[in-house]
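User: I should like a close look at a single part of this model. Please keep the account connected, and set that part in the context of the chain.

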Amino acid sequence: MTTRWTETDVPDQDGRTVVITGANSGLGFETARIFARHHARVVLACRNPDRAAAARARILHETPAAAVHTLTLDLSSQASIHRAAEQLDEYPRIDLLINNAGALIRRHTVTEDGFEQTLATNHLGAFTFTALALPRLLDTPGSRVVTVSSVGHKRGVMNFDDLHFADGYRAAHAYFQSKLANLLFTYELQRRLTAAGAPTIAVAAHPGNARTAFGGDRFHIRTFTRPQLRILTWWLLQNPERAALPTVRAAVDPTATGGEYYGPDGNNEWTGYPVLVESIPSSHDPASQRRLWAESERLTGTTYPLTAPDPSTPRTH
């Protein structure tokens, strides 16, 4: 019988600092609660400072001795990302960056930087914030970048000729593309970290299906809030605390290595306990990884403090 990985397997995080984007609600909040309970310094990097403050208060009510901080970060704004990154210098060390924040936008929306908002928030924002945080991570042995993808990446296709859906927007397609981008980014980042001999690794995770409000307001999703349907659909969803475990395992499991991907062990990876899972073949295509990286650099003006590896370098996984 396989041993189930649970919160009891989380090592003591005393002395470590974890930055979690989108941590005021849902899976990000549950991830933050777990780290606070295990003595980490937790930084809630959130778009809305009032909601971040409320989340901090909830965590402190549960764990009064926890060290919980807030950081205003709007991943759809490159200017906000740069302002937030400057504030990371306030912390003596950064051990973990968890790119958890995500958006599922119902209508085609263009950000102040000219990006489609789903791509901006789910990928381009994380791309820039990771680059700006990376010098601090590289100074910390055993540090990790954990990026949260989705089981929906399996339906993702990178439309490199129209990444911003200018020729016709479909919300689900934009979301699935962004979640595939999360994995292409993780694998290319790990390849570059390996080539640089860096002490930092890049890992990915997905939560399966969780009972959260994610996407509900924008998509008017109410199906699972109807009592008569809960009985029929309860098995499709798991509670947020369980759904957060793949992210936590990717961040703290001492046996994890760069380029791995964690998700639930149940049917279709919808529910269950966190295990190593496999992403679709197209996520491992080195040409797509390099192309997305180059396009992300071009769009954001971001340069990583890593030398690009030789294209012949074996791919991770």
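Is helix α5 largely enclosed by the rest of the structure or not, and how many of its residues are buried?

Analyst: The model is a predicted one, and what follows should be read in that light. Of the 26 residues of α5, 21 are buried, so the helix is largely enclosed by the rest of the structure. The count rests on a cut-off of under 20% relative accessible area.

Helix α5 covers residues 171-196. From its first C-alpha to its last it reaches 37 Å, close to the 38 Å expected at 1.5 Å a residue. Just after the helix comes Gly197, whose phi is positive, at about 65°.

Beyond that glycine, strand β6 takes up residues 201-205. Ile201, which belongs to this strand, has a relative accessibility of 18% and therefore counts as buried. Residues up to four places away in sequence being left out, Ile201 touches Gln190 and Leu193, among others. Its partners also include Ser143, Arg144 and Val145, as well as Ala256, Thr257 and Gly258. Ala251 is 50 residues from Ile201 in sequence, yet the two C-alpha atoms are 9.8 Å apart in space.

A further point concerns aromatic residues. Phe185 forms one aromatic cluster with Phe127, Trp293 and Tyr304, and the structure holds 7 aromatic pairs. Phe127 is also in contact with Ser296, a residue of helix α10, which spans residues 286-300. Ser296 has a relative accessibility of 1% and so counts as buried. A polar atom of the Ser296 side chain lies 2.7 Å from the backbone oxygen of Leu292. Apart from neighbours within four places in sequence, Ser296 contacts His123, Leu124 and Gly301 in addition to Phe127.

As for the wider setting, the chain has 10 helices and 8 strands. Buried residues account for 56% of its 317 residues. Of the contacts between residues at least 6 apart in sequence, 77% join residues at least 24 apart. The accessible surface comes to about 14,000 Å², with 50% of it belonging to carbon and sulfur atoms.

Elsewhere in the chain, two arginines sit over aromatic rings. Arg58 lies over the face of Phe29, 4.0 Å from the ring centre. The charged end of Arg242 sits over the ring of Tyr273, at 4.0 Å from its centre.

Notes. Residues numbered from 1 in each chain as written. Predicted model: local features only at pLDDT ≥ 70, side-chain atom pairs only at ≥ 80, totals over all residues. Heavy atoms only, no water. Helix = DSSP H or I, 4+ residues; strand = E, 2+ residues; numbered from the N terminus. Buried < 20%, exposed > 50% of the residue type's maximum accessible area, 1.4 Å probe, protein only. Contact = heavy atoms within 4.5 Å. Areas by Shrake-Rupley, 256 points an atom, 1.4 Å probe, with all protein chains shown as cover. Expected span 1.5 Å × (residues − 1). Phe/Tyr/Trp six-rings, centres within 6.5 Å; stacked < 30°, edge-to-face > 60°. Lys NZ or Arg CZ within 6 Å of the ring centre and 35° of its normal. Polar contact = N/O pair within 3.5 Å; in protein donor to acceptor, adjacent residues only side chain to side chain.
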